[in-house]
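Okay, thanks everyone. I've got one structure to walk through today, so let me put it up on the screen.

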Amino acid sequence: MNVASRMSYQGSSVSPSSDTLRDAVSPPPGTAAKRRVLIVEDEASIRELVRLHLALDGFDVTEVGDGGRALELARGTRFDLIVLDVMLPGIDGISLCRALRTDGANTNASILMLTARDTESDKVLGLESGADDYLAKPFGMRELLARVGAVLRRASRAADSTDGATAHQLRARDLVLDADRRGLVVRGSRVELTKQEFDLLYLLAARPGIVFSREALLAKIWGGDTYVTERTVDTVVSRLRRKIERDAQDPELILTAWGVGYKFVDAD
């Protein structure tokens, strides 16, 4: 049995190639703008099944089957969410995720990674490359939609927090953080951050010397989302250190409080 045949929605089998179903999910004229999703999956049956259910859930869906085409498209077209398979022809999902986080129109887009590999190291690699969440194959459509909703809620909360910010810049040691533009300058050079990276760094840097437990960081940055674990905090901190520290293996800015969590170095 292949992966696609094991995927269903609320226990019902779906034929992903049905032209009738394509017609059923076409948006009526005059409807409000939908959130845009890019599906990058080389297996056509899975790609179509995911497309179908996301379209039924109200998304404007674009789909591609290889990493090279996805990168070309995502460089210039803004998406709210990218559903990204790891094993892709051309450019693999890990490399593609890193490229999207570096520059282009989707440095801050939510990314949900799909993987047939279910080991902890594979999941951590996906998160460290810049993904917001991962989903192991085979998966059910209800779980897919739940995770899609979760990552988009986190993005919405981060955007709302930024809209309500009153501070313009936060200076902390070698860093200058711009809350309005969600920008970071490290020792004179601009550094791109994902939503979670910026939110976590801003929280720590705004309170130098204060230790935050992993549980507290999860609650403040991810809103207590049930699909995110304390391991995710470690992953985001690890990415941040590689971006802002002189030596990520000997950090001077984001310090570990062993057995508890993390803190930003005490103010001078």
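I'll start with how far to trust the model, then go to a sheet, a helix and a pocket.

So, this is a predicted model. The protein averages a pLDDT of 81, and 81% of the residues score at least 70. Two stretches fall short, though. Over residues 8-31 the pLDDT stays under 50, and there the model has 25 contacts beyond four places in sequence. Residues 161-167 also stay under 50, with eight such contacts. Where pLDDT is low, the predicted coordinates shouldn't be read in detail.

Now, the sheet. It's an open one, four strands in the order S6-S7-S8-S9, with antiparallel pairing. At the edges you have S6, residues 169-172, and S9, residues 189-191, and each of those pairs on one side only. From one strand to the next, the twist averages 25°. If you zoom in on S6 and S7, which is residues 175-178, you'll find four antiparallel bridges between them. Ala 172 stands opposite Leu 175 in S7 there.

What lies across S6, S7 and S8? That's helix H7, residues 195-205, and it runs at about 115° to S7.

Last thing, the second largest pocket. Its volume is about 240 Å³. There are 17 residues lining it, and Arg 181, Arg 182, Gly 183, Leu 184 and Arg 190 lie nearest its centre. S7, S8, S9 and H7 each give two or more residues to that lining, and S8 gives the most, with three. By type, the lining divides into six nonpolar, five polar and six charged residues.

Terms used:
Residues are numbered from 1 along each chain as its sequence is written. This is a predicted model: local features need pLDDT of at least 70, side-chain atom pairs count only at pLDDT 80 or more; totals for chains, interfaces and linings use all residues. Side-chain values use heavy atoms; hydrogens and water are left out. pLDDT is the predictor's confidence in each residue, from 0 to 100. Contact means heavy atoms within 4.5 Å. Two strands pair if DSSP finds at least two bridges between them. Axes are lines fitted to C-alpha atoms, for helices over the stretch in contact, and angles run from 0 to 180 degrees between N-to-C directions. On a 1 Å grid over the protein atoms alone, a cavity is a set of points where a 1.4 Å probe fits but cannot get out, and a pocket is an open set with protein on both sides within 12 Å along at least five of seven lines; lining residues have an atom within 4 Å of a point. Grid points are joined across faces, edges and corners, and a volume is the space filled by probe spheres set on the points. Ala, Val, Leu, Ile, Met, Phe, Trp, Tyr, Cys and Pro count as nonpolar, Asp, Glu, Lys and Arg as charged, and the others, Gly among them, as polar.
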